[in-house]
Amino acid sequence: MRVTESDLRLTDGRTLHVYDTGGDGLAVFWHHGTPNTGAPPAPLFAAAGKLSVRWVSYDRPGYGGSSPLPGRDVASAAADVRAIADALGIDRFAALGHSGGGPHALACGALLPDRVLGVVTAAGLAPYDAEGLDWFAGMVPSSAASLRAAEEGRAAKEAYEAGAGYDPEMFTDADHEALAGTWSWFDEVVGPALEAGPDGLITDDLAYVTPWGFDPVRITAPLLLLHGGQDRIAPAAHSRWLADRCPTAELRVRPADGHISVLDAGVEALEWLAARAG
């Protein structure tokens with residue numbers, strides 16, 4: 001697939017850096033994780049081609065070529081996606097989010113019910129104020145510490161990131177195998193996401209631990225929740241909580257997978273979306 005990149009100027013003066021593989025098939029908006037840029041997932045291009053899927057994505061504000069949006073919440077993704085879809089002449093579309101992209105995909109499902117045909121999240125989070133969920137339970141200490149710093153506000157989060165380092169323990173053996181193989185693609189989107197500094201990452205994490213601005217229960221489109229049973233970054237309990245409350249949700253937990261290796265079910269997710277959209 002050939003990816004075309006462009007910059008979209010919004011009415012509020014911001015710029016969104018947009019990626020589009022073009023075509024007349026089902027448009028699937030890819031919502032990237034934290035910290036990534038928005039390039040669509042190349043390891044899924046072959047499957048997308050067979051299913052006539054058109055990838056559309058963008059750098060969230062503060063990442064890559066997109067302008068910062070101070071204080072943005074998760075819900076703001078829906079307005080940005082609507083603007084991109086309108087500019088590209090796309091009426092209806094699906095949403096697929098991995099990790100931190102999961103909540104943003106949910107936002108589109110909840111806030112754009114007339115546009116969204118289906119939603120998939122892989123290794124996503126539940127709302128921070130999720131009643132009855134021990135939100136940090138099962139997270140590796142480094143991930144929990146990072147998000148607890150965000151709880152304290154931007155200054156605390158900035159101070160935390162100034163001294164933070166990579167913790168390989170956040171990934172399982174299956175994750176490390178995926179990162180060394182098919183999903184080495186992440187090397188192409190993580191480094192560039194941090195080249196201009198940690199603003200995108202910080203703003204993402206602040207959004208996850210504050211009110212999201214919507215209720216996932218409002219999603220009326222088909223919803224697939226994929227999760228690795230061994231996930232140490234976003235424990236599977238988050239998807240279980242969502243599945244118990246979202247009336248259209250289907251939960252698929254892959255017992256041996258972690259945060260990255262769950263993406264080996266990406267082809268399955270695209271097939272699921274194509275079937276629902278069709």
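# Buried helices, pockets and rings in a predicted model

Trainee: How many of the eleven residues of helix H3 (residues 101-111) are buried?

Mentor: Please keep in mind that we are looking at a predicted model. A residue counts as buried when its relative accessible area is under 20%, and in H3 the residues that meet this condition include Gly101, His104, Leu106 and Cys108. Helix H3 is therefore largely enclosed by the rest of the structure, and its number of buried residues is ten.

Trainee: Which helices do the buried residues of H4 pack against?

Mentor: It helps to begin with the residues themselves, which in H4 are Ser143, Ala144, Ser146, Leu147, Ala149 and Ala150. Some of these appear again from the other side, since Lys157, which is found in helix H5, is in contact with Ser146, Ala149 and Ala150, among others. Taken as a group, the buried residues of H4 pack against H5 and H8.

Trainee: Is Lys157 buried or exposed?

Mentor: Leaving aside its neighbours within four places in sequence, Lys157 is in contact with Ser146, Ala149, Ala150, Leu201, Ile202 and Asp205. Its relative accessible area is 0%, and the cut-off for being buried is under 20%. Because 0% falls under that cut-off, Lys157 is buried.

Trainee: Which element gives the largest share of the lining of the largest pocket?

Mentor: The largest pocket holds about 960 Å³ of space, and its lining is made by 36 residues, of which Thr34, Pro35, Met170, Leu201 and Ile233 lie nearest its centre. Two or more lining residues come from each of helix H4 (141-151), helix H5 (154-163), helix H7 (187-194) and helix H8 (199-208). The largest share is four residues, and the element that gives it is H4.

Trainee: How many charged residues are there in the lining of the largest pocket?

Mentor: When the lining residues are divided by class, 20 of them are nonpolar and twelve are polar. The remaining class is the one you ask about, and the number of charged residues in this lining is four.

Trainee: How many charged residues does the lining of the largest cavity have?

Mentor: The structure holds one cavity of 30 Å³ or more, and about 40 Å³ of space lies in the largest cavity. Its lining includes Leu44, Leu96, Val120 and Gly266, while strand S6 (116-122) and helix H10 (266-277) each supply at least two of the lining residues. By class there are nine nonpolar residues and one polar residue, and the number of charged residues is zero, that is, no charged residues.

Trainee: What kind of aromatic pair do Trp183 and Trp185 form?

Mentor: The count of aromatic pairs comes to eleven, and in this one the rings lie 6.0 Å apart, centre to centre, with 80° between the planes. Both residues are buried, Trp183 at 2% relative accessibility and Trp185 at 6%, and both belong to an aromatic cluster with Trp30, Trp55 and Phe186. Because an angle over 60 degrees between the planes places a pair in this class, Trp183 and Trp185 are edge-to-face.

Trainee: The charged end of which residue sits over the ring of Phe136?

Mentor: Here the partner of the ring is a charged group. That charged end is 3.8 Å from the centre of the ring of Phe136, and it belongs to Arg148.

Trainee: What is the peptide bond from Thr34 to Pro35, cis or trans?

Mentor: Pro35 is found in the loop between strand S3 (26-31) and helix H1 (45-50), and both Thr34 and Pro35 are among the residues nearest the centre of the largest pocket. The omega angle of the bond from Thr34 to Pro35 is near -5°, and the bond is cis.

Trainee: Is Ala123 buried or exposed?

Mentor: Two residues may be set side by side here, since Ala123 has a positive phi of about 60° although it is not a glycine, and Ser52 likewise has a positive phi of about 60°. Ser52, in the loop between H1 and strand S4 (53-58), is partly exposed, with a relative accessible area of 44%. Ala123, in the loop between S6 and H4, has a relative accessible area of 1%, and so it is buried.

Methods. Residues numbered from 1 in each chain as written. Predicted model: local features only at pLDDT ≥ 70, side-chain atom pairs only at ≥ 80, totals over all residues. Heavy atoms only, no water. Phe/Tyr/Trp six-rings, centres within 6.5 Å; stacked < 30°, edge-to-face > 60°. Buried < 20%, exposed > 50% of the residue type's maximum accessible area, 1.4 Å probe, protein only. Lys NZ or Arg CZ within 6 Å of the ring centre and 35° of its normal. 1 Å grid on protein atoms, 1.4 Å probe; cavity = no way out; pocket = protein on both sides within 12 Å on 5 of 7 lines; lining within 4 Å. Points joined across faces, edges and corners; volume = space filled by probe spheres on them. Nonpolar A, V, L, I, M, F, W, Y, C, P; charged D, E, K, R; others polar. Contact = heavy atoms within 4.5 Å.
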